[in-house]
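Please open the model in your viewer and keep the sequence panel handy. We will go from stop to stop, selecting a few residues each time.

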Amino acid sequence: MTEIVTAAGADAMAAIRRDPAGTLLALDFDGTLAPIVDDPAAARANPGAIAALGRLGPVFARVAIVTGRPAEAALRLGRFAGVPGLEAMTILGQYGAERWDAPSGPTVAPPPPRAVGEVEHALPDLLEGLGLGDLRVEHKSRAIVLHTRGRRDPDADLATLDGPVRELAARHGLMVEPGKSVVEIRSSETDKGVALRGLQRETGARQVVFAGDDLGDLPAYDAVDRMRTEGIPGLLVASASHEQDALVARSDLVLPGPAAVAAWLGSLADDLAA
Ligand SMILES: [Mg+2]
C-alpha cells in the first residue's frame, strides 16, 4: 500500500479509523475509478474498486461519485446499481448539476442551459474552419466535450482549439474545462468543490476523502483545503498518470492509476474491518 506522505493526510487517516461512520468518501470517475480509454463510451469502473466501495458503503457516512459525466452515464458505466453495500450511494453528475441517489432512483437534473445549445449550433463551422471537422464531439445535456485522444497529435489539436473554443464559450457565457486529451465547454453553474462541500454539509461528515486525477478535480481539492482550516480533516488522493500531474503536489497519497486506487480502497476496507 502506497504511503500517505503528509501530516494532514495522516491526521485524516487517524480520524477515518477512529470515526468511519463520520467519513464521506467521494471519488471522481474517469481516470480514478475507471481506466481512461480512447472511446469514452467504453470506460468501465475497475471491478475491484466496485467491490471495495461495496464494503466501504455500510461503514462510511456516504460513498459518492463526483464526476463531469452525466450522472446516468457514471451509473451505467460504473455498474453501481444494485451492488450490495451501495444502497445509500450518491452520484453527482456534470460537476454536481445532476444527481442520482441509490435509495430514490431516477436522476434529477434541471433543464440544460440554453447557451449549450447555441454553442452546439456554432461548433461545426468553427471546427471546420480549424481543420478539425472530424474531431470527436460528445454532447452532454449541459456541456459539449471535444476529444483529441487517439488522434495523431492530441496536444497540437488541443493547442489549436484553445483560443477559438475559449472565445466561443465566453461569447455564450460558458466556461472551458480543460483535461487530459479533452476540452469541455460547460455552464459554470457548479464545480466539484461546490458539489463536495454540499455533500459534506448534507451528510454532516466529520472527515472527507476525495480522489481525483485531472484539472476538473482541483476545485474539490480547494474545498478540502478550506474544510481543513475549519477543523474537518481531509485526505486528498491522486490517481496519477503521465498525462497529468497537477494534483500530485497537493495530494496526501499518490497512487499510480485506477488499479492502484482499487487496491488501496480494498486495503482501506480490510483495515476498517480489522
Ligand atoms: Mg477524472
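## First stop: helices 6 and 7

Select helix 6 (residues 192–203) and helix 7 (residues 218–229): their axes come within 6 Å and cross at roughly 45°. Angles from 35 to 65 degrees fall in the oblique range, so helix 6 is oblique to helix 7. The crossing is right-handed. A word before you zoom in: this is a predicted model.

Now show side chains. On helix 6, pick Lys-192, Gly-193, Leu-196, Arg-197 and Gln-200; facing them on helix 7 are Pro-219, Ala-220, Ala-223, Val-224 and Met-227, and together these residues make the contact. Colour them by class and you should find six nonpolar, two polar and two charged residues.

## Second stop: helices 2 and 8

Next, select residues 47–56, which form helix 2, and residues 258–273, which form helix 8. What angle do these two helices pack at? It is about 25°, with the axes 8 Å apart. Since angles under 35 degrees count as roughly parallel, helix 2 is roughly parallel to helix 8. Here the crossing is left-handed.

For the contact, helix 2 brings Gly-48, Ala-49, Ala-52, Leu-53, Arg-55 and Leu-56. Helix 8 answers with Ala-262, Leu-265, Gly-266, Leu-268, Ala-269, Asp-270 and Leu-272. By class, that gives nine nonpolar, two polar and two charged residues.

## Third stop: helices 4 and 5

Move on to helix 4 (residues 114–129) and helix 5 (residues 154–171), whose axes come within 11 Å and cross at roughly 150°. That angle makes helix 4 roughly antiparallel to helix 5. Helix 4 passes helix 5 in a right-handed crossing.

Select Val-119, Ala-122, Leu-123, Leu-126 and Leu-127 on helix 4, then Leu-161, Pro-164 and Leu-168 on helix 5, to see the contact. How do its residues divide by class? Eight are nonpolar, with no polar and no charged residues.

## Last stop: the largest cavity

Finally, switch on a cavity display if your viewer has one. A search of the whole structure finds two cavities of 30 Å³ or more, and the largest has a volume of about 520 Å³.

To find this cavity, select Asp-30, Ile-36, Val-182, Glu-184 and Asp-214, which lie nearest its centre among the 30 lining residues. Then add strand 5 (136–140), strand 6 (143–147), strand 7 (175–179) and strand 8 (182–186), each of which supplies at least two residues of the lining. Colour the lining by class to finish: nine nonpolar, six polar and 15 charged residues.

Note on methods
Residues numbered from 1 in each chain as written. Predicted model: local features only at pLDDT ≥ 70, side-chain atom pairs only at ≥ 80, totals over all residues. Heavy atoms only, no water. Axes fitted to C-alpha atoms, helices over the stretch in contact; angles between N-to-C directions. Helix = DSSP H or I, 4+ residues; strand = E, 2+ residues; numbered from the N terminus. Parallel < 35°, antiparallel > 145°, perpendicular 65-115°, else oblique. Left-handed = near helix turned anticlockwise from the far one by under 90°. Contact = heavy atoms within 4.5 Å. Nonpolar A, V, L, I, M, F, W, Y, C, P; charged D, E, K, R; others polar. 1 Å grid on protein atoms, 1.4 Å probe; cavity = no way out; pocket = protein on both sides within 12 Å on 5 of 7 lines; lining within 4 Å. Points joined across faces, edges and corners; volume = space filled by probe spheres on them.
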